[in-house]
Amino acid sequence: MPFALLGRSLLRCGARNDRFLRLHGGSAIWRCQCFSSENKVEENSPVTPMLKHLLMKIKSTGPITVAEYMREVLTNPVTGYYMHHDMLGEKGDFVTSPEISQMFGELIGIWFVSEWMASGKPNKFQLVELGPGRGSLTQDILRVFNQLDSLLSKCDISIHLVEISPKLSEIQALTLTEEKIKLIDSSPAYMQGVAKTGIPVFWYRDVSDVPLGYSFYLAHEFLDALPIHKFQKTEKGWRELLVDIDPETPGKLRFVLAPFATAASEAFIHEKESRDHVEVCPDAGIIIQKLAQNIEKNGGSALIVDYGHNGTKTDTFRGFCGHKLHDVLTAPGTADLTADVDFSYLQRMAQERVAALGPIKQQDFLKNMGIDIRLQVLLQNVKDVVTRRQLLQSYEMLMDLDKMGGRFNFFAFLPHHRLVASDKLKSHHSTPVAGFGELLWK
Ligand SMILES: C[S@@+](CC[C@H](N)C(=O)[O-])C[C@H]1O[C@@H](n2cnc3c(N)ncnc32)[C@H](O)[C@@H]1O
């Protein structure tokens, strides 16, 4: 079945209640606003349990790296930001594309099916989503798989979710499964269930626990939540930024520069670095190495969707709370912390085991995947004015260059052979991979 027919099969799916208007009628914040850790500390910063924990830690062992600060604040098992509450949507701190419209996940679902077809329809594949939030993206992808049942019915499909948060994994299970079974501790998966369409779903805390094999990896707004190290170029060489207690105000935190070069500043700065401030996310590098090794050996692909740059930006560390920007050192544990993804670093970490495509703007990817036609079909099937307006607003939020369409990027890793274009595609200056080149409907 050619790519265009895949899209047409999807057109038979109607509109679900689009999620957008539950989100502040369009004023909700998304996490790629320009902001940096240099913003002023708010007055009367509340003493949160996390702040108490960090003050104790720094008092006993000295200043900590920004990576350690971020890891504690976001994923500490007791008081970490991600661990015990739902931060997505109207009552949360920010919105994401899968929460805005079903069209987003549907087109990504089509992308994976088209990659599966292009690699000769293997009889088994697994979809691995990293940091699945509420499970909405996988839910929309599963609806596409179900719609394309005539094509996929003989394929053994399983879903693997890498999620550190007990609270969010509960929400994902409610979204995706009829019933779930908690597994015993010795199993690499900490939870298992069966999706409403009969596909098995497994949960893991770490990507290393996910079985190997032909895999489609998906990371939407995941890598930006992983801990970064921050480095500043000084007259004495590169120095790492640390988080310390402000001696003027003992209950407050501040950034300081390490007096000497650290192991991290020696190891992580690229020899050709020309910026004077650099953020490095080694955890993202380790994950990409694992994905690249598996794709090289067993096939599949990885789709990474996030805000980021190609090794050009400097200070992008920022926080969000209640749909507002938030100072990163204030009331730790109550706000999301994030930093832009460096796609050039990810590509270096893949070590040429796989080919990289992108980053390209979200607007271009979704357009190439046929979002305009999908929107028209949804609009044709909807008569009431409110739902039509919701659909148009969510389209605009996803596609506008000043909104998510311009701020988010799509980046893919694929086996090298997937980038060998046919003569027909070469004459159209297109790539053989859907989404990353103009759509050829014939
Ligand atoms: C910003 S949210 C994005 C959620 C979802 N992908 C979306 O776009 O709506 C980040 C997700 O990654 C999860 N997460 C953060 N750090 C993680 C880690 N170290 N390991 C596994 N999951 C993590 C969070 O719990 C959450 O599900």
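Reader: Hi! Looking at α3, is it mostly covered or mostly uncovered?

Author: Hi there! This is a predicted model, and in it α3 is mostly covered, with seven of its 10 residues buried.

Reader: Which residues of α3 are buried?

Author: The buried ones in α3 are Val66, Ala67, Tyr69, Met70, Glu72, Val73 and Leu74.

Reader: And what covers them?

Author: The cover over the buried residues of α3 includes two neighbours from early in the chain, α2 (49–61) and β1 (64–65). It also includes the strands β8 (229–234), β9 (237–245) and β16 (336–338).

Reader: Does α3 come up anywhere else? I mean, which helices supply residues to the shell around the ligand?

Author: Good link to make! Both α3 (66–75) and α4 (97–100) supply at least two residues each to that shell.

Reader: How many residues surround the ligand, and which are the closest?

Author: There are 19 residues around the ligand, and the closest are Thr96, Gly131, Gly133, Ile164 and Ser165.

Reader: How do the residues of that shell divide into nonpolar, polar and charged?

Author: The shell has 10 nonpolar residues, six polar ones and three charged ones.

Reader: Let me zoom out. How many helices and strands are there in the protein chain?

Author: The chain has 16 helices and 19 strands. It is 442 residues long, and 46% of them count as buried.

Reader: What about contacts between residues far apart in sequence, what share do they make up?

Author: If you take the contacts with a separation of 6 or more, 76% of them are between residues 24 or more positions apart.

Reader: How many residues are in the largest nonpolar core?

Author: That core has 115 residues, and the ones with the most contacts inside it are Leu107, Ile108, Leu218, Leu303, Ala412 and Phe413. Helix α5 (residues 102–118) gives the most to the core, nine residues in total.

Reader: Pick one for me. What does Leu303 touch?

Author: Leaving out residues up to four places away in sequence, Leu303 touches Ile108, Trp111, Leu218, Phe410 and Ala412.

Reader: I also clicked on Val128. Where is that?

Author: Val128 sits in strand β2 (residues 124–130). Val128 is buried, because it has 25 other C-beta atoms within 10 Å and 20 are enough to count as buried.

Reader: Which residues does Val128 touch?

Author: Again leaving out residues up to four places away in sequence, Val128 touches His160, Val162, Val210, Ser215, Phe216, Tyr217 and Leu218. Leu218 is also among the residues with the most contacts inside the largest nonpolar core.

Reader: New topic: which residues of helix α8 are buried?

Author: In α8 (residues 166–176), the buried ones are Leu168, Ser169, Gln172, Ala173 and Leu176. Looking down the axis of α8, they fall within an arc of 145 degrees, so they line one face of the helix.

Reader: What does that face pack against?

Author: The buried residues of α8 pack against one helix, α6 (136–147), and against the strands β3 (156–162), β4 (177–182), β5 (191–195) and β6 (200–204).

Reader: And Leu174, is it buried or exposed?

Author: Leu174 lies in α8 too, but it is exposed, with 12 other C-beta atoms within 10 Å. From C-alpha to C-alpha, Leu174 is 8.8 Å from Gly135, a residue 39 positions away in sequence.

Reader: Any backbone oddities? Say, what is the peptide bond from Gly358 to Pro359 like?

Author: That bond is cis, with omega near 5 degrees, and Pro359 lies in strand β18 (residues 355–361). As a rule, most peptide bonds are trans, and most residues other than glycine have a negative phi.

Reader: So which residue that is not a glycine has a positive phi of about 45 degrees?

Author: That would be Ala331, in the loop between β15 (324–326) and β16. Ala331 is partly exposed, with 19 other C-beta atoms within 10 Å. Glu352 has a positive phi as well, near 60 degrees. Glu352 is in the loop between α11 (343–349) and β18 and counts as exposed, with 11 C-beta neighbours inside 10 Å.

Reader: Last one: what is the mean pLDDT of the chain?

Author: The mean is 90, and 87% of the residues reach 70 or more. Over residues 20–26, though, the pLDDT is below 50, and that stretch has 18 contacts in the model beyond near neighbours in sequence. Where pLDDT is low, the predicted coordinates should not be read in detail.

Notes
Residues are numbered from 1 along each chain as its sequence is written. This is a predicted model: local features need pLDDT of at least 70, side-chain atom pairs count only at pLDDT 80 or more; totals for chains, interfaces and linings use all residues. A nonpolar core is a set of buried Ala, Val, Leu, Ile, Met, Phe, Trp, Tyr and Cys residues joined through C-beta atoms within 7 Å. Helices (H or I, at least four residues) and strands (E, at least two) are DSSP runs, numbered from the N terminus. Two residues are in contact if their C-beta atoms, placed from the backbone, lie within 7 Å. pLDDT is the predictor's confidence in each residue, from 0 to 100. A residue is near a molecule or strand if its C-beta atom, placed from the backbone, lies within 6 Å of it. Ala, Val, Leu, Ile, Met, Phe, Trp, Tyr, Cys and Pro count as nonpolar, Asp, Glu, Lys and Arg as charged, and the others, Gly among them, as polar. The arc is that of the directions from the helix axis to the C-beta atoms.
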